Structures are given as structure tokens and as C-alpha cells.
Amino acid sequence: MSDGPLIVQSDKTLLLDIDHPMSVECRRAIAPFAELERSPEHIHTYRLTPLGLWNARAAGHDAEQVIDTLIKYSRYAVPHSILIDVAETMSRYGRLRLEMDPVHGLILVTTDTAVLEEVIRAKKIAPLLGARIDAETITVLPSQRGQIKQSLLRLGWPAEDFAGYVDGQAHEINLLQKDWKIRPYQELAAEGFWHGGSGVVVLPCGAGKTIVGAAAMAHAKATTLILVTNTVAARQWRDELLKRTSLNEDEIGEYSGAKKEIRPVTIATYQVMTKKKNGVYAHLDLFDSYDWGLIIYDEVHLLPAPIFRFTADIQSRRRLGLTATLVREDGMEGEVFSLIGPKRFDVPWKEIEAQGYIAPAECIEVRVNLTETERLAYATAEPENRYRNCATTRTKRDVVEALVEKHVDDQVLVIGQYIDQLDELSEVLGAPLIKGETPVKEREILFNKFRTGEIKCLVVSKVANFSIDLPDATIAIQVSGAFGSRQEEAQRLGRILRPKSDGRGAKFYSVISRDTIDQDFAQNRQRFLAEQGYSYKIIDADDVFQGKI
Amino acid sequence: MEMRSFSDYLRSVDDAAFLNLFNARPDLITPVPSDIASLAVRACSAPSLARAIDSLNQWQFQVLEAAASINEPFTEKEVVALTEKEAKAALSHLVMIGLIYPSDDGMRLPTQLREVIGAEPAGLGPASMAKLKLSELKDAPADAQKVLERLMWGPPRGSVGDIKNPGPGVAWLLEKKFLVPLDQRTVILTREVAIQLRGGKIHKERFVNQPKLSGNKRDERQVNLAAIANVSTVLRWVEELLNFWADEPADALRAGGLGVRDLKVVSAHLGVDESCTAFIAELAYLASLVSIDGDERILPSSKFDIWLMQSPADRWQMLASQWLITSRVSGLVGRVDAKNVAALGPELDRVNAARVRALTLDLLRENPGIAPEWNSFKELLLWRAPVRRNSSLQEELAEWTLREAEWLGITGQGAISKFGLEFLNGDDLNSINEDLPKTVDHILIQSDNTAIAPGPLEHEISQALAMMAEIESRGGATVYRFTEATIRRALDHGKTGDEIKTFLAKRSKTPMPQPLEYLIADVAKKHGKLRVGNTSSFIRCEDTALISQIMNDKKLELLSLRRIAPEVVICDMDATDAMRVLREAGYLPAGESANGMILTGPKSNRSVAKPRPPRIIGEIETPTPEVISAAIRVLRTGEKSTHRQSKLRQVASEALGQLPRTTANETMEILNQFIIDEKTLSIGYADNNGGVTHRIIDPIRISAGALIARDHATGEVQSFRIPRITGVAPL
């Protein structure tokens, strides 16, 4: 029996003892096929999932390698059923291949006729197919390349896509590394993507995903469409690209609610793409307006469903997904896998933090006692109003005030869900508020002031969750959230995780009301953050007032 | 001495032969028969013969079929001619176990053997009565050829539209007597013709040699590693299952056994599928670790506590040894076609379960280092135990055995493990204790409120942890999660917050994370804020002075009052009695309804139970004319038939005189003899009422404990239960 760092559990989780001398080596070995589920301080948990195993197959690993790795590092005997399951699952990938045939066009080829027979009989697949060529081959309607990949994945027979990509219209793009240097992991990520063809790169917020995108564009050297979550993010992409690449202002267009520019590199928002006019998507032409050589999806985990549908139609173009987490609240991870592509690169937050690229963060939960009146109001509130009721209690205000006062020298962000609560806080704290209705112009001015240090404290609504760049926020205070959603948490933490010039640690406070559902949601948050390896503390509001922290 | 019958043969053999015979057929001496004659009768009885046939492999059975298709007496040479030269060895085995016996004029079969094998052994029809010119078969017209091809490999019967007007092919064959008419619509191919067509052999293919088992080669070390993982898993399963039932006993179904819902609950708890759960439950049941108490609750027994104290090897041995011999089949639970079969229920016994299990394990043992491929295994199984009596489920039983052997760790990665071999050989199982991973005495607590035991935990620690945390993942290690609910559970079990903290701090190798400490303190603080108890009545009063007065009133001591709030007192007596006592002591209480209304006026009591008036027992109702006339008709018919029968009996007894009397063994011997000779007999036969009547019969055959014979009195073929035959005598 070896004394390895890994324990393979019968429920397909892998426990990695990170204090073990072989743990780094083992992590590298299992990362390609196992999904990191949580990474608290001593034992990291990975999980074997079909998608993870298929990701590994796509990256060129076979079942034997996976099994050898498990056996090699395992401390105890690996349950036989798991080995069988791994082999079985992995053998399902690649039995079907999509290829481009010079005569017949797009074809589905199999190495196992039984599988082909099974899938062509499936109700969802049959309409996507054309004529049968021989026992192992059948034509696929060229327009259904994405659809068939989706349907096959649902049947459990993911197809490998060898049908290739169009080069797109060439356009010279280079990285200009004058006063900065691309980080090794960013380069690896871009290369991993390029060799894989299409796929997703998973990097924590603040780890420089924009640069990975720029590096991918430099690989493609072709016209590029970039899809981002909102206008602010679009502008930031533009600024970054101008700074990091050989592109000039005339080459980059913005396609948003405000502007409709189509240039060799076009940055479009999800919002405008999914806008409907008279019941039809009005801006779909954008996908065809240029012979795009690369399409970049920022924040893949937020990709709205209609975009998936368009993506299904453009399977012959290279696609790069960028995200901090593959977890989707709507469970559409399979869609990301089949339509954008398998995971091509990922690295846990802690590892990048250890390399000094992002700031270490500390999470502190502050529990507030409700007053008698507030408790009564909470107890009698209608169920649908309960969260709002306890998340916006008056008592939280004092705590926030005390916290802001305590961090008077730091850049502080106060984040919340409910506008009236934020309005009030903004007034009390004397800090400007950015909310949905704040004009983009004004937003940018405020962000700039915050960046330069002219403003020390900013109150933001959920608009700040996505893709804004606040380089020097060291403190975030969350007063209310979207029911403890995991991805929101990642976003908010990402706000303060950008590397700080002086190497100071960041702090993430969440203020919650004791003994209410606010506290239940906070438990999800605690779990998520602790699973990500952040230090987590729970304190009472009194500790804040008494200056104990 | 003349040697013709089986008993004659038995009288002639030596002790060694008996030894072999009894070894192969232990049923012959349970109980030990009184003499050779009764031994012979038992050995020739259908159940015993069937049992003996079950022990044959496919080749031996083929030889027996061949022997059964020749007229008696026959010679070894004849059998060899119809099969292969290897038949000699098989024949001597058949003689050894008494399925064939030598007599003066050649070999014979025990009388009932053909009955047991079936009327058409190897799909062959009856021997022809006429002399056949087999050489003419070559010249059969095309139509006849077609018919022959259809019938030659059996079944030998074929139906025709009308026997009087058959097609040309059938007509030709009937004319040549190759086909014999059975009834109006059926013809049968005679045995000689079929054998001729089969090329002088009985079987198309003769399976002389045991097929080779194919499968995946396994490395011995890996097999043992996998097996020990299985061993530790199965021990953990049983322990967890019983701990679960100790907390929340399952309710047994009215028909007995574990309900589907409870099975699902347990299966979710263990994290295994339902068939595996059923297996674990049965395993615990067989080892008497679980019992069903008087209240129909399924609970761990006191033996479970003893079991827990034993070494892993002993614990495993206890489970495996019971599993090996049981007739219960947990694989039957929850099958699609038999939904209602419950684990721990009464419907799981199958007579052939242990036999198939033993055979399956034998085959595994004969092929070490191989994880059998199922089709090959099935083929081998079929050769070793060709499907015959009680063959139902044989394949499934073998499949389940393979599955269960893997769960138990008798196999690892599908091939037999060293523990399995040691167990089946009855050796010492110490290697299990040595090979199991060493227990650990610590856990690692992390700030996401989980604790991880990086190996099997010592018993006490795992018990304590199971109380204060939820198990989230199982395997070599165990992952526990602390939540508000689990901490509360520990508090409910009487632990204090500090005790929990101390225990965790002592057992954890890593420092206690602050959030967990906070969680424990927080729950402990809130625990027990609300108090709940039982009481019969309450007394309340806004005047606290009056409450204090009744609390201190000596006359009210029998009410055993308890003050739970300044204005509320509770009492164990019910409200009416409490009021009476208070009134007697001079107070002026008033009753209060559930919604706080004062109850005034005399209270007239009403029963809450539904009224159930007593049943009227009286005269029988007058029947309707229809009922009466129907009853009369029945009576008249019955009377007529009795009258006719007694008349027949009278005739018979006049013809016969005295009732014959023979012992049971004599009866069987004479009957067997007369069946062969086809002679008429007189018998005494007890009817349903115990009256013995005299019958004259032509015996035809013995089948299923009954004599099939033609009764001369009625002229019909009738069956006579053997035990009711009081005696037989030749006429």
C-alpha cells in the first residue's frame, strides 16, 4: 500500500492532502481530468465527472493514464467500480467524430457502428442528419453542427469535433510588451486554447483574462468579435487592447446600445445581441457581418441562453470562452462544453495568489443583532419579503458606518442589492452611488476618481458585479446579495482581488442579520469562500464597535 | 442369484460402492433406510433420481440420455456407438451413482428414471413397433425429406391437418411406418429413424470436455488490493446500516420484510444502489445482527454490539460464512417483474441458491487470476449444471453471486482474491486484519466546516463524530460536515457545546477553525430556549398571589403542581379531577376551553369513539325458493353418483374376496415389476373417507407419487396415490 497524497472515495470524489510532499505533483497529474470542487486549507476535494473526464479526453489523455494516475497517488486501494466507471465514461468520448469530407461535407463518423445506430435512432438526433453514406458514416446538415454536438452530449455520446475552422479574414494583431510582460500562466492559457481549437480558459477574477484574450487574438491574427457583459466592460476591453496590442483606435469598434460600430475587432454586449425587435433578434447580422476568425466570450458563466443558440450556428469559427468559474447557476455547463468547447486551461486561485499576481484576501462575516422591533417585523413579514426585510435592516447601517470609518485610509466599496438601502447608505457615508440608472459617462468619471484616490468610498449596486476594473479597492463591504448566489460571490471577491501596489491584503466584509435567512445565505457564502481557500472569520457587530478587529 | 432388479444389484455390491453412492447421493441415507429393499425403493423414487441427475454435468447427462434411448437391457458398446468413446468413463460414473445398474443380461435403468428424464429424451420419439427398412430413407421423396428434416432433431411430434388425409410426404412416411400416428392430428417420428438421420448419434454436438473460461487476466497484487478495499467497504456498510436503524428503526411490512420506501431511505443514506442495500440488509439479517421485534420494528440486535468488538477478520467471516450457505437470495429484491419481494421478507428463499452459489465460487476458484467474461462463464456454468430441475434463475443466481462476491471481497476486480481462497478453504483469515488499512485516531478540521478522517477511524471516535456531523463522502477516508442541524443533534444527545469543542480540539490534528467554533457556540446558546413537555391540564390566574397560595396549599399536594410561569401552573391530573380537588379545597375554579372560552353549566359527557352497536345474533334467514331448489339438485346428483359407485365396488369385492395387504416397499417392488410386465393387479385403495376398497387395475406407470393405471371397474385411466395403496396382489 503506497502512502500517497490522494484518497479516492467511493462517491467519485478525490481528497488531496496538500500537506503531503507529493501533493503538488499529484495536483498537476489529476487537474486535467478532475474538477476542483473545494480547496480549503488542508484537504482539497476534486470530483470525477463525465464532463471532466471528457475534457481530459479532449486534451489527449486516455483512460489508462487516468487510472494509472489514480492508482499511483492513491493512499488506499481504489474502488474497482470507479476504475470501471472511468474507463467506461472516457471510452464514450471520441467514438463519434464530426469531420469535414471533401465530397459529402460535414459528416458524423464512428468507430463503433452500434453507437451510431443508437444515436441515429434518437428522436432529437434524426432530424439533424442527412443521407447515410456507409455503416460508419452519415452526413450531418451543415447548419446543425452545434445542435448535434449538444444533443449527442445529452445522450452521453459526446462527439469530437474535427471539422476544422475557417481562418476568417486575416488581420495583423501583435502583443506590444513594452512596459509590461505577459505572465507565464496567461501564455500557457492562450497556447492551450490555440492548440485545442476552441474552448474555455478558467482564471480567477483579477488574473488578467483580458490579456489571455489579447494573446489569443495575436495567435489568430484575424478579425475578432468579442462578446462582453455590458458597456463598461466593453470600454475596458477596448482600453486594454489599445494598451497591450498593436491595434489602434480605428481598428476597434464598439457595438452596444449607444454605438453600432463594426470594425475588424468589434466588442459587442450580450445585452444588445439578445435585444428583440418585433419578436426577432435584431442584431444577429453582426455574426455574419465580418468573416470573423475568432469569437471571444467574456464571463462564459453568464452567457445568456439566446447566445448559446447563436453559437450553435457558428461552430466553424474559433471560440474562446473566458470565465472565473465553470459553475453555472442554471446548470448549463454541458452547453458550454459542447458549444464553446472543453476546458483548455485552469489554475486555482490560491496558486496564482501564491505567485503574487493577486492579493491575498480575508473574508469576515459580521453578524448584526436585530433590535426587538426589527425581529418582530421580520417574524411577521410575508415570506417573499423576508430576505429584503432582514437584509436591509437599519442596524446594518451603523455597522457599515463603523467599518468605513475604520478603513478611512483604504479604498472601500460598499456593495448591495437593494437601491433604497444603497441610497440611504450613500447619504450617511457621504459617498457617491453607482446604480443601474447612473449614465455611463458619469460612471466612468466616478470610477476614474476612485482609481486616482480622489474618492475613497463608493457605493455600488449589482451593476458593479460584472467586469468593471477597480484597481485599488482593498475593502469590500457587502450589505445584501442575491440570495447567496455562488457566482455573485466570485464576482464580488474579484472586485478586490486585483494586485495591490503595496502588497496589502484585501478584506471582504459581509454584514448579515443574525438568526434570519440572511444568515442561512451567509452559510452558503462561507462554504463557497472557505472551499476556495480563503480565510473566513465570523464576528459579532459589537466587536466592530469596540474596535476588536 | 438372479440379478434383474435394482435391489438385486444393490444386494450384490460391496461397501466401497455404497460409500461412493452415499457420497454422491446423501439423501439416500437421510434417514438411514431399514434394509436394502427400502434403500432401492428410495433410490428409485423420482425425487431422489432427479437430485442425482442434477449433479451431472452436460456430458454425463448426454450419455444418460443416450442410454435412455436404447431398449433395456443394453451394453456399453451400444451407448458408445451412439455417443463417443469417452462415454465409458461417464457410464461408470452413472453406475457409481446408481442411475444405471448392471444386471445379468446387460445394463438397465431404474424404472422411474425415464419418467424423470422425460418421455422424449434428446428429442427422440418412441421406438418403432414394426420392422423398419431404414435403407429406404435415402429414397424419400422431397416432401417427405422436408418433414424428416423438421422432426429429426426433435421435438419428434408434428401436427397434420387430418391424419386420414395427410400430405404426400407424411403419407409416404406413414406408409413406411417411419412416422406413427399419435392421434387425429399428431404424428411422431420413430426413434430408429431419427437416430439413423442423426448419423447414428444421439446428439448433434457432444460436449465431452469442459469449456475453457475466458476473461480478463488480473494481476494478483491488484486483485488483493481491490478485495481488501471491498472487505473494508462491506464491513463499513453493515455497521452504518445498523447504526442508522439504531437511530431510526425501520417498520417491517405487514407481510414481513423491509418496505421499498425504507429501502430507498437506507440506500440514500449508504450511497449505494438498492440492490446493494438489500444485500447488506440481508447480510446483517443472516448473521443475526438485525432482528424484527414485537412491534414489527427492524432494529440491530444485541449481537451487533458483540460483533462490533470483534476483529475485522472475525466480523467478515461471520457475514461471509452465513452468506455462503443461505438459501435466501437478496438479488430478487426490487426486480422489475417482482416488485413486491422485500428484503428481510419471507419470499427470498430459493432451493437452488446455495448450490448455484457454491458452483459459481468453485468455478472462480478453479480459475484464479481471471475475471471471467460473463458469456464464457455462462457457458461453463451450463456445462457444469445443465438446466434441469429447479433450474429457474440459475443464470441470475450465478450473476448475483459474482456481484455479491465482489461486494464481499471474495473477489477483487472480478477475480478470486487470497481472502476468498482462504475463506473457501476454511483457512485462517488473519491476512484480513493485516492487510486492512490501519485505523487512524485523528481528524483534520477545515474552515469550510468539514472534518476529514484520512483513513478508517477508531470505533469510538467515528461514533461520536457521526453524532455531531453529517457524513458527506465515504471511502478510504470519511468527510464529515458540521451544520447547525448536526450540532443540534449532538446537543440533543446530551453533549454540551464545550464538550463538543473539547472533543474536536483533542481529535483534530489541525487547529479548530474560528467559524466552526462560532457555530458550535451559537447553536449551544440557542439550544433549549424553547421547552416542550407533556401535561394533562393547566391552571392559570392573573392574580399571582392566588397562584402562590395554591402552590403552598397542603390540601392540593396530590395535584403535584408545577409553576412554569408567574401566572401558570401545570398539573398531571386531568382538568375535571383537578377542578374537583380545587373545589373541595375551597377554591372557585372555572373550566376553560381550548380557545380560552370559559366553560359554564353542567358538563354532559359524550364519547369520542364512533358508535358500534352490538351485532344481532338470531335465527337464520329464510332462504329464497331458488336457493332451496339449487340445494336439492346438488343433493340428488350426489346421491346418484354414490349409488352407482357402491354398486361397482360391490361387484369388484365379490370378484376379489380378501383385500390384499403388503408393506410399502413390497408394494413398490411389485408395482415396478408389474409395470414392466404389463399385467393386471388387484389393489386395496383407501378413499377420501378412509374406507378401503378393492380395485382391479392395469398399472401403466408411476409418476409424481401416484400410480397411473386403468381401473377395470370404470374402464378409465386414473391415478392412485401410492401412500393410499394398502396392498397389491397379483390376480
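This dialogue covers how to read an interface, a buried helix and positive phi values in a predicted model.

Visitor: What should be known about the model and its numbering?

Guide: This is a predicted model, in which local features need pLDDT of at least 70, side-chain atom pairs count only at pLDDT 80 or more, and totals for chains, interfaces and linings use all residues. Residues are numbered from 1 along each chain as its sequence is written, while chains are lettered from A and ligands numbered from 1 in the order in which they are written.

Visitor: How many residues does each chain bring to the contact?

Guide: The size of an interface is often given as the accessible area lost when the parts come together. Here residues are counted instead: chain B contributes 24 and chain A 27. Two residues are in contact if their C-beta atoms, placed from the backbone, lie within 7 Å.

Visitor: Which elements of chain B supply at least two residues each of the side that touches chain A?

Guide: They are α12 (220-247), β13 (444-446) and α25 (514-526) of chain B. Helices (H or I, at least four residues) and strands (E, at least two) are DSSP runs, numbered from the N terminus. The largest share, five residues, comes from α12(B).

Visitor: How is this side of chain B made up by class?

Guide: It has eleven nonpolar, eleven polar and two charged residues. Ala, Val, Leu, Ile, Met, Phe, Trp, Tyr, Cys and Pro count as nonpolar, Asp, Glu, Lys and Arg as charged, and the others, Gly among them, as polar.

Visitor: Why is helix α13 of chain A described as largely enclosed by the rest of the structure?

Guide: A residue is buried if 20 or more other C-beta atoms lie within 10 Å of its own, exposed if 12 or fewer, and partly exposed in between, with C-beta atoms placed from the backbone. Helix α13(A), residues 333-340, is largely enclosed because six of its eight residues are buried. Among them are A:Phe337 and A:Leu339. The cover over the buried residues includes α2 (50-58), α6 (145-155) and β10 (199-202) of chain A. After α13(A) comes A:Gly341, with a positive phi near 145°.

Visitor: Which residues other than glycine have a positive phi?

Guide: Most residues other than glycine have a negative phi, and most peptide bonds are trans. One case is A:Asp515, with phi near 60°, in the loop between β24 (506-513) and α21 (517-531) of chain A. Another is B:Leu344, at about 65°, in the loop between α16 (312-325) and α17 (353-366) of chain B.

Visitor: Are these two residues buried or partly exposed?

Guide: A:Asp515 counts as partly exposed because it has 15 C-beta neighbours inside 10 Å. B:Leu344 has 27 such neighbours and so counts as buried.
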